[in-house]
Amino acid sequence: MTIKEIQEEIIDEFSMFDDWMQRYEYMIELGKSLPLIEEQYKTDDNLIKGCQSKVWVHAELDGDRLVFTADSDAIITKGIIAILVRAFSNQKPQDIIDADTGFIDEIGLKEHLSPTRANGLVSMIKQLKLYAVAYQTQLK
Amino acid sequence: MTEKNILIEKLDVNTIRKDFPILQREVNGQPLVYLDNAATSQTPQQVIDAIVDYYQNYNANIHRGVHTLSQEATDAYEAARQKIQKHFNIAYPYEVIFTSGTTDSINLVANGFTSFLKEGDEVLVSAMEHHSNIVPWQMLCERTGATLKVIPMNLEGELVMEGYYNLLSDKTKLVFCNHVSNALGTINPIKEIIDAAHKVGAAVLVDGAQAAAHIKADLQALDVDFYTVSAHKMCGPTGVGMLYGKEEWLKKLPPYQGGGEMIAEVTFEKTTYADLPHKFEAGTPNICGGIAFGAALDYMNSIGFDAIAQYEDELVEYATEQLLTIDGLKIYGTAAHKTSVISFNIEGIHPYDIGTIVDKLGIAVRTGHHCAQPIMDFYKIPGTVRASFSFYNNKEEVDKLVEAVKRARNMLQ
């Protein structure tokens, strides 16, 4: 599936919920199914700056595709990074670089998009894209 | 009940709440429950009116103008200085320096002490300081070669006074301590700290930012050398605060910033500085902010600090009892003398998660390290959830907080 298709699937899933509580509960569930980062990659280098909770992200190439694994010590943050990993992992670096992130707004997480917000959703997206840029250069 | 308590007029919270327009609003479809008062307090209509009145009727630059508006603005600004002087029982109005807030006040003193310290001197700072009362002193020590030493604390969140006495010596030149800890709510024994420091000839700066909304400090009785306050923590606006300094210290300290207002005479060869307090008030100050600071003190004094303290103590006691009914909840900061702050975690749950869920329920609390990372390191936790109370909060709001934390726990476990 393309990034766009996955994002639409996520929007569909979230549209089933009537209120924020159900959305958050689902996000927490998604967090629990996150492909976990290996312990050896939970280093300060892999920490995303600008988050009140700790978020580690690791990226590696599988052929021409970039695979993300991640973890967080806060469960809601883990849910957010899980959604991002689902949308962007196993994709070509160039597609990750070009991807739109408007779906975050559509699934009712707009409040997390403020650049000053302590959970750093913006920092997370930026970090995933930075990885993509780095590996795109490597692929060339 | 002591005799004193009987004499205090009971605070009428329902009437008081009507003074704060912001308490009428909703957040995420729920009535706002504002429990982040330790970060900043809300502003009563009386203070908002003072701000509007200034800009509508007598906005002008002060001290220099001969025209009527300038004189009215100068009078109001200087009247605010006198209100602050009276409130904190300060000997002279010129010992009150207007600053942009506590951080600015501390930096002013830290910069001024650069020429007074040398290698081998020691500076003591308490283990429960806000970053703003750590970093400027670290920078001072880097500039001068003095050594920073830490007054230890115990698990209850109280300073270990024996440890303090052991650190004091004739090398000690300065001691810094907050009056009330912003992260734990502990009321520190500052009179004891000040007296002991003076015995070895050290000066003491007390950061009163967190205390000022709850305790009316008598600065002459405390005999403190410096005391700092931010107006926005006591119903005033942001961007204004005060530095109290004893006259002898303020005369010794060099000016902090150069500019207009702070000079007596300027030639290209030499400038002579203005007298106190203007020596430390370079440039056009936050005139409206200063006046509104005075209005905030008037407002709080009209309610009365004894009534405020009694009411808040009851409220915090009730909140503590209710929160402790939640399984796995642990309170950090259980000092015998504490005020207005409850810092807590629930076992196995990140404070950030709790903060996010309770915000969705309309409740404003703070999560994180509260600009006091050394305290979090001490307890080996990433942070806490902090509910901080003011005299305009009520028991219904405490109940909503407890209910929200219970819901968060159920969702997150």
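Two strands pair if DSSP finds at least two bridges between them. Strands (E, at least two residues) and helices (H or I, at least four residues) are themselves DSSP runs, numbered from the N terminus. What you have open is a predicted model, in which local features need pLDDT of at least 70, side-chain atom pairs count only at pLDDT 80 or more, and totals for chains, interfaces and linings use all residues. Residues are numbered from 1 along each chain as its sequence is written, while chains are lettered from A and ligands numbered from 1 in the order in which they are written.

**Stop 1: a sheet in chain B**

Select strands S13, S14, S17 and S16 of chain B: in that order, these 4 strands form an open sheet with antiparallel pairing. S13 (329-332) and S16 stand at the edges with a single partner strand each, so one side of each has no neighbour in the sheet. On average, neighbouring strands here are turned by 30 degrees against each other, direction ignored; such angles are taken between axes, which are lines fitted to C-alpha atoms (for helices over the stretch in contact), and run from 0 to 180 degrees between N-to-C directions.

**Stop 2: strand S17**

Now colour residues 384-388 of chain B. Are they buried or exposed? All 5 of the 5 residues of S17(B) are buried, so the strand is largely enclosed by the rest of the structure. (Buried means 20 or more other C-beta atoms within 10 Å of a residue's own, exposed means 12 or fewer, and partly exposed lies in between; C-beta atoms are placed from the backbone.)

Show the side chains next: Thr384(B), Arg386(B) and Ser388(B) point one way, Val385(B) and Ala387(B) the other. In a regular strand the side chains alternate between the two faces of the sheet.

**Stop 3: the partners of S17**

Add S14 (residues 341-346) of chain B, which pairs with S17(B) in the antiparallel sense over 4 bridges. Look for Val341(B), whose bridge partner in S17(B) is Ser388(B).

Then add S16 (residues 366-368) of chain B, joined to S17(B) by 3 bridges and running antiparallel to it. Here Arg366(B) has Arg386(B) as its bridge partner, and Gly368(B) has Thr384(B).

**Stop 4: a helix across the sheet**

Finally, select helix H12 (residues 305-323) of chain B. H12(B) lies across S13, S14 and S17 of chain B, at about 10 degrees to S14(B).

Technical notes:
Two residues are in contact if their C-beta atoms, placed from the backbone, lie within 7 Å.
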